[in-house]
Amino acid sequence: MTRTKISFFSEEIAFSLKLKTSIRSWINDTITSEGKKAGELNIIFCSDDYLLSINNQYLNHNTYTDIITFDNSEDESLIEGDIFISIERIRENASNFNTTEKDELHRVIIHGILHLLGYKDKNKADKDLMTQKEDFYLNKRNF
């Protein structure tokens with residue numbers, strides 16, 4: 001059985017993810033429950049400015065965002081990619097949405113995984129399905 005190789009990095013910020021082993025298992029369980037295999041995944045925690053520069057360079061968007069996901073999969077059944085997450089956006093969003101930073105961070109992580117699994121969020125129907133899936137997998141956490 002292919003196990004996911006999930007690596008965590010930080011760029012331009014001092015951030016250390018708690019419960020890495022549990023989060024790796026949760027991500028792997030999410031991917032396998034969607035009928036896919038996990039490959040190499042990199043989750044990079046960064047500053048707003050770092051993510052803004054990626055957004056400008058690769059997507060031609062001059063806006064702050066909480067996450068950018070790059071799908072590196074070459075095989076439809078194998079999930080591989082790079083997920084960049086702004087810790088500053090996570091903290092601000094947690095405050096704005098009246099949730100904990102941990103729950104907001106986990107929601108954004110699983111949001112990136114769902115994008116790699118093929119879920120979209122550009123229109124209302126897709127956003128609604130994405131939110132349902134996020135809630136479903138957030139409720140599957142046992143940590």
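**Entry 1: the largest pocket**

I began with the make-up of the largest pocket in this predicted model, and found that the residues of its lining divide into nine nonpolar, nine polar and nine charged. The volume I noted for the largest pocket is about 800 Å³. Of the 27 residues that line the largest pocket, I wrote down the closest to its centre, which are Ile67, His111, His115, Asp121 and Lys122. I then asked which elements give two or more residues to this lining, and the list came out as helix H2 (48–59), strand E3 (67–71), helix H4 (101–116) and helix H5 (124–138). The largest share, six residues, comes from H4.

**Entry 2: the second largest pocket**

For the second largest pocket I recorded about 220 Å³ of space. Its lining consists of Phe15, Ser16, Leu17, Lys18 and Leu19, then Ile87, Ile90 and Arg91, and finally Glu101, Lys102, Leu105 and His106. By class, I entered six nonpolar, two polar and four charged residues for this lining. Helix H3 (87–96) and H4 each supply at least two of the lining residues, and with four residues H4 gives the most. I noted H4 as the element with the largest share in the lining of the largest pocket and with the most residues in the lining of the second largest pocket.

**Entry 3: helix H2 and the residue after it**

Turning to H2, I checked its length: the helix has 12 residues and reaches 15 Å from its first C-alpha to its last, close to the 16 Å expected at 1.5 Å a residue. Which residues of H2 are buried? I listed Asp48, Leu51, Leu52, Ile54 and Asn55. Seen down the axis of H2, these buried residues fall within an arc of 160°, so they line one face of the helix. As for what they pack against, I found strand E2 (37–46), E3, strand E4 (78–86) and H3.

Just after H2, I stopped at Asn60, which takes a positive phi of about 60°. Asn60 is found in the loop between H2 and E3, and I noted it as exposed, with a relative accessible area of 71%. I marked the angle because most residues other than glycine have a negative phi.

**Entry 4: a second positive phi**

I looked next at Asn98, whose phi is near 55°, again a positive value in a residue other than glycine. Asn98 lies in the loop between H3 and H4. Is Asn98 buried or exposed? At 74% relative accessibility, where the cut-off for exposed is over 50%, Asn98 counts as exposed.

**Entry 5: helix H5**

I repeated the length check on H5, where the 15 residues should span 21 Å at 1.5 Å a residue, and the end C-alpha atoms are 21 Å apart, which agrees. The buried residues I found in H5 are Met130, Glu134, Tyr137 and Leu138. Seen down the axis of H5, they fall within an arc of 100°, so they line one face of the helix. I set beside this the general point that an α-helix has 3.6 residues a turn, so residues three or four places apart point the same way. On the face of H5 turned away from its buried side I recorded the exposed residues Lys124, Ala125 and Gln132. What covers the buried residues of H5 includes helix H1 (20–33) and H4.

**Entry 6: two residues, two distances**

I followed the chain past H5 to Arg141, which is found in the segment after that helix. Leaving aside its neighbours within four places in sequence, I found Arg141 in contact with Trp26, Lys102, Asp103 and His106; of these, Lys102 and His106 had already appeared in my list for the lining of the second largest pocket. Arg141 and Ile27 are 114 residues apart in sequence, and I read 9.6 Å between them in space, C-alpha to C-alpha.

Lastly I looked up Thr32, which lies in helix H1 and, at 34% relative accessibility, counts as partly exposed. How many residues apart in sequence are Thr32 and Glu74? I entered 42 residues for that pair, with 17 Å between them in space, C-alpha to C-alpha.

How values were computed
Residues numbered from 1 in each chain as written. Predicted model: local features only at pLDDT ≥ 70, side-chain atom pairs only at ≥ 80, totals over all residues. Heavy atoms only, no water. 1 Å grid on protein atoms, 1.4 Å probe; cavity = no way out; pocket = protein on both sides within 12 Å on 5 of 7 lines; lining within 4 Å. Points joined across faces, edges and corners; volume = space filled by probe spheres on them. Nonpolar A, V, L, I, M, F, W, Y, C, P; charged D, E, K, R; others polar. Buried < 20%, exposed > 50% of the residue type's maximum accessible area, 1.4 Å probe, protein only. Expected span 1.5 Å × (residues − 1). Arc of directions from axis to C-beta. Contact = heavy atoms within 4.5 Å.
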